[in-house]
Amino acid sequence: MTTETTTKDTAPGASVPGERVLDARGVTMRFGGLTAVRGVDLTVNSGEIVGLIGPNGAGKTTFFNCLTGLYVPTEGEVRYKGNVLPPKSFKVTAAGIARTFQNIRLFANMTVLENVLVGRHTRTKEGFWSAVLRGPGFHRAEAASRARAMELLEFVGLDSKAEHLARNLPYGEQRKLEIARALASEPGLLLLDEPTAGMNPQETRATEELVFAIRDMGIAVLVIEHDMRFIFNLCDRVAVLVQGEKLIEGDSATVQGDERVVAAYLGEPFEGAPGAAEAAEVAEAEATAAEADATASKADATAAGATTADAEAATADADADTTTDAAPGKENDR
Amino acid sequence: MTTQTTAPETPETPSAPSTGASPSGLFGIPAATGRALAAGAGVLTIVSTFLAWTWTSDFPGDLTVYGYPGGLQVLVLIGAAVTTLLALATYDVKGLGWLVPSGGDAAVKLAALATFATAWYTVISISVELGGVVNLEPGGYVVAVTSLAALVGALALPFERPEPDPIDPDSTGWEKFRHSLAHGWNTTKATFAAESPKPVGKLPSYAEILIIVAALALGLTVFTYGIGTEYDELFVGFLILAGFGFAALNKAGLIAHVAQITARHQNVTVFGAFIAAALFPFTQTDDQYATLGVYILIFATVALGLNIVVGLAGLLDLGYVAFLGVGAYAAALVSGSPNSPFHVHFPFWAAVIIGALASLVFGVLIGAPTLRLRGDYLAIVTLGFGEIFRITANNLDGTSGPDITNGSNGIASIPNLDILGFDFGAVHDVAGFSIGRFANYFFLMLIITAVVVLVFRRSGNSRIGRAWVAIREDETAALAMGINGFRVKLIAFAVGASLAGLAGTVQAHVTYTVTPEQYLFAGPIPPNSAFLLAAVVLGGMGTIAGPLIGAALLFLIPNKLQFLGDYQLFAFGVALILLMRFRPEGLIPNRRRQLEFHEEAEAPAVLGKTGA
């Protein structure tokens, strides 16, 4: 990992430690009759890495879209460093919040360098006339942009592939490029939407280091992830979103120890569980009926529809602590 | 696409299963014999073009003279010479190696095919037009036989046969038939496949510039020849030879080499291309073909402006010709024409500014409400606005509305331009060449084209150009990167509109008259919105050379092939469908698009400058 080399040099969007970078209050998002996000409060302080977890369909990505102006929240407000964010995603980026997408959305037919240069858009001013007339100012700004973009590519370890087409990069490097592109807008807060989805353990580990390096640049990070080991290694605080509502927020130990979280988060029907195994689990569940009942009562309160057997199966799985549920493209990204 | 003519030959090939891996020719002739046959028959074809092919000069071009090739014979001569040279180059003849940087076999095949097609086209059209093969002199038979022999010899050259896909035993007869067709098609493609060319070595820069000059001179010659062809047969022969010949040079790797060299000297190339274009009127003895030249240039310039909107920003604009119309009307209204209700005569520079500004305002007025739409909706709305412009211009005639545009009669008798005492209507003598009215306008239009090229190149490779491409690639992601999508799209729309308006101001003076019917959505005469878009797509989206070449072809082909008559649009449609099937990235592909459409092609991961 080459990330360590250039971490300290620049932190354009950096702020005083402890300052409240993001302050979302009572964010509610309704689509017709469906309430995807209900009254969520979330704060992120500078120098912090905050995790956002929850089962599929809990509203994490919708909440992200509310933060970044892709959606305008039905109720509630989002403040960035004390200022209410405008409801346009390009203005949010200009204000200092950058994001990546759950299913990678690079500009596939542009080069790696051009992708990062597009990320510089809000931090440069050269317009159409400047481009046509090409005064000295244009060349200076262009050179500065390129230098900065190359720095960022070096930071994520892609500088040797600057002239490659983004589409030709392997999956893990596309994720890195998306992070570099987001960093190019000099954000004070970076939102990562499942940055390790589809990665192998080594790549996940590398991403972990990358996120720490970004934090060390003075950029606060809010990350959605399903990989629990990744989240609990990384985050100072973790918030759990279930059915559009925030269940609990706290440090790793608090969240890990909370049995509501375990039941609710992992109580969803386990994807790909075979029918035969399910039958066996039902039998097992019946054997430990008393215990299961206790769990079920709580599970019902939070995650309606989760069956006893499912909850039990999921709890067993949680012990193994390897739940990497990556189904890219499943949640709505727009 | 070019390989289609040989498709019927493929099924006859005995496809022994063992030949899968080992390279072999299409016919059972040994490779050495084939090579010798191709070279020898090439020489004989050259000789045969000096013979008489027919007895009467009724067939245009006078092919009756011994010792002096004329018309189509010259084309066959060129084709045969190229075939022979390429065949000799595959013999590792010293001094010819530079001709075939990516292996000569595929190039020889295509060159032989070009010669064969041109020669047989000539022979067949002689027989058909004069009524029977008796009209052929011995020379005609000789060229038919030798060009066929050269083709057979060339096709016997070895190539890597593709493995046929395993046949599913459960297939029905129809599926087996389709399977064999697919394999035949793959074999045909493999026949003409070439290796990727070696990178060109570093030459001294004066040598590289000389190569660029030579390439540009060749381009000018080919273009001038094409524009000056006097009869249908010659133009068809020209198209056949130029098409296959270009493919042959491409397979030989020469095109790639020239492209690499021009990429090293971009400014020299662009500047040289304008010099070459400016030399065009000097190659003409009268104004007849300069007329075509200036119309092509107007069409091409507008297409290039559209390429900013469509090719870079990805906004499908089906009403683009309206902006040309606005510019033309604006210039016509202030030109001092008796039909203009404003009896003013502005100098040209003022008219140009007014034309471009009027188009800009019109563009912003149309863009502001419509650019909030995406994709198909935008296309439909722009199509509507294009028609609204035409109908409005029709109705502003004093009866249906205020008298501004003189209705369907249009604004006629637009006077010729007079810039600094230079009368564009008069014939001038420059260094012994007489430069007529259309040639004068050709030079003026060339300046406008240069402006458009400059704007395209510079804006495309800058912050705003990257924002356009980003919007085209993924609008949501572009917004999330801080790009004000609406603003950036509106700039693209406005820039495209004002460039078209700029061209319109010249067009008004060239055509004398501006009427609403010149600015249709679709019609037989370019420029109209459909043809403009076709020129961009056919030539290659996002490139500079693409729309210029696309526009030249789209203008010349209907103009030269009068015999197509009512089937012109039909033929055009068929050609467009074929092109989109076999080369969706256009004739001059943008590197980006080429990779986009041909995913199976090996990805040369490194992309040079932005597009072009």
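## Exercises on the chain A–chain B interface

Twelve residue pairs are in polar contact across the interface of chain A and chain B, with both residues of each pair at pLDDT 80 or more. The model is predicted.

**Exercise 1.** Determine which helices of chain A supply at least two residues each to the side that touches chain B, and class the residues of that side.

*Solution.*
- Start with the helices. They are α2 (89-95), α3 (112-119), α4 (128-133) and α5 (136-156) of chain A.
- Then sort by class. The side of chain A that touches chain B has 14 nonpolar, eleven polar and twelve charged residues.

**Exercise 2.** Give the extent of the contact between chain A and chain B.

*Solution.*
- Count residues. Chain A contributes 37 residues and chain B contributes 39 residues.
- Take the area. About 3400 Å² is buried between the two chains, and carbon and sulfur atoms give 60% of this.
- Find the main losers of area in chain A. N109(A), H121(A) and F128(A) lose the most to chain B, together 20% of what that side buries.

**Exercise 3.** Test E142(A) and R466(B) for a salt bridge.

*Solution.*
- Set the cut-off. The nitrogen and the carboxyl oxygen must lie within 4 Å.
- Compare. The closest N and O atoms of E142(A) and R466(B) are 3.0 Å apart, so the pair forms a salt bridge.
- Put the pair in context. The rule finds two salt bridges across this interface.

**Exercise 4.** Describe how β1 and β2 of chain A pair.

*Solution.*
- Get the direction. Strands β1 (residues 20-31) and β2 (residues 34-45) of chain A run antiparallel, joined by eight bridges.
- Locate one bridge. D23(A) has T43(A) as its partner in β2(A).
- Inspect the turn. Two residues separate the strands of this hairpin, and G32(A) in the turn has a positive phi of about 60 degrees.

Note on methods:
Residues numbered from 1 in each chain as written. Chains lettered and ligands numbered in written order. Predicted model: local features only at pLDDT ≥ 70, side-chain atom pairs only at ≥ 80, totals over all residues. Heavy atoms only, no water. Contact = heavy atoms within 4.5 Å. Buried area = accessible area lost by both parts, 1.4 Å probe. Salt bridge = Lys/Arg side-chain N within 4 Å of Asp/Glu carboxyl O. Polar contact = N/O pair within 3.5 Å; in protein donor to acceptor, adjacent residues only side chain to side chain. Helix = DSSP H or I, 4+ residues; strand = E, 2+ residues; numbered from the N terminus. Nonpolar A, V, L, I, M, F, W, Y, C, P; charged D, E, K, R; others polar. Pairing = 2+ DSSP bridges.
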